[in-house]
Amino acid sequence: MQININGSAKTIDHHTTVAQLLTTLQLEPVRVAVEINEDLVSRKSFEQTHIQDGDRIEIVTFVGGG
């Protein structure tokens with residue numbers, strides 16, 4: 001299945017959830033915000049939200065500093 005992540009095309013398995021995608025990308029769910037097709041996905045629903053073919057996903061990583 002073809003999706004677009006932060007402007008780059010990527011192929012993933014069918015039935016992939018947001019949580020599984022983050023694991024594949026080695027990103028910690030508590031440190032990111034995820035949008036699918038311009039809709040914000042709540043962190044509570046990462047496990048239940050399935051990605052569909054053609055979805056446009058934006059992932060923003062939070063960076064601490066001081």
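This is a short tour of the structure, stop by stop, with something to select at each one. Keep in mind that you are looking at a predicted model.

**The whole chain**

Start with the protein chain in cartoon view. You will find one helix and five strands, arranged along the sequence as β-β-α-β-β-β. The C-alpha atoms fill a box of roughly 40 × 25 × 20 Å along the principal axes. How does the radius of gyration fit with a compact globule of 66 residues? Such a globule would have a value near 11 Å, and the protein chain has 11 Å, so the two agree.

Now switch on a surface. About 4600 Å² is exposed, with carbon and sulfur atoms supplying 48% of that area. Of the 66 residues, 29% are buried. If you like contact maps, take those between residues at least 6 apart in sequence: 55% of them join residues at least 24 apart.

**The sheet**

Next, select the five strands together. They make an open sheet in the order E2-E1-E5-E3-E4, and the pairing is mixed. Which strands stand at the edges? They are E2 and E4 (39–41); each has a single partner strand, so one side of each lacks a neighbour in the sheet. From one strand to the next, the twist averages 35°.

**E1 and its hairpin with E2**

Zoom in on E1, residues 2–5, and show its side chains. They alternate: Ile3 and Ile5 are buried and point to one face, whereas Gln2 and Asn4 point to the other and are not buried.

Then add E2, residues 8–11. E1 and E2 run antiparallel and are joined by four bridges, with Ile5 opposite Ser8. Together the two strands form a hairpin with two residues between them. Click on Asn6 in that turn to find a positive phi of about 50°.

**Across to E5, E3 and E4**

Stay on Ile5 and bring in E5, residues 56–61. In what sense do E1 and E5 pair, parallel or antiparallel? They are parallel, over two bridges, and here Ile5 stands opposite Ile57.

Keep Ile57 selected and add E3, residues 32–36. Ile57 is also the bridge partner of Ile36. E3 and E5 run antiparallel, with five bridges joining them.

To reach the edge of the sheet, add E4. Its pairing with E3 is antiparallel over three bridges, and Val34 stands opposite Val41 in E4.

**Thr16, in the loop before the helix**

For the last stop, select Thr16, which lies in the loop that leads from E2 to helix H1 (18–24). Is this loop residue buried or exposed? Thr16 counts as buried because its relative accessible area is 9%, below the 20% cut-off.

Show side chains around Thr16 to see its surroundings. A polar atom of the Thr16 side chain lies 2.6 Å from the backbone oxygen of Asp13. Beyond the neighbours within four places in sequence, Thr16 is in contact with Leu21, Thr49, His50 and Ile51. Select those four residues along with Thr16 to finish the tour with this set of contacts in view.

Definitions and conventions
Residues are numbered from 1 along each chain as its sequence is written. This is a predicted model: local features need pLDDT of at least 70, side-chain atom pairs count only at pLDDT 80 or more; totals for chains, interfaces and linings use all residues. Side-chain values use heavy atoms; hydrogens and water are left out. Buried means under 20% relative accessible area, exposed over 50%, partly exposed in between (1.4 Å probe, protein chains only). A polar contact is a pair of N or O atoms within 3.5 Å; within protein, one must be able to donate a hydrogen and the other to accept it, and residues adjacent in sequence count only if both atoms are side-chain atoms. Contact means heavy atoms within 4.5 Å. Two strands pair if DSSP finds at least two bridges between them. Axes are lines fitted to C-alpha atoms, for helices over the stretch in contact, and angles run from 0 to 180 degrees between N-to-C directions. The radius of gyration is taken over C-alpha atoms; the globule rule is 2.2 Å times the number of residues to the power 0.38. Accessible areas come from the Shrake-Rupley method with a 1.4 Å probe; for residues, only the protein chains shown count as cover.
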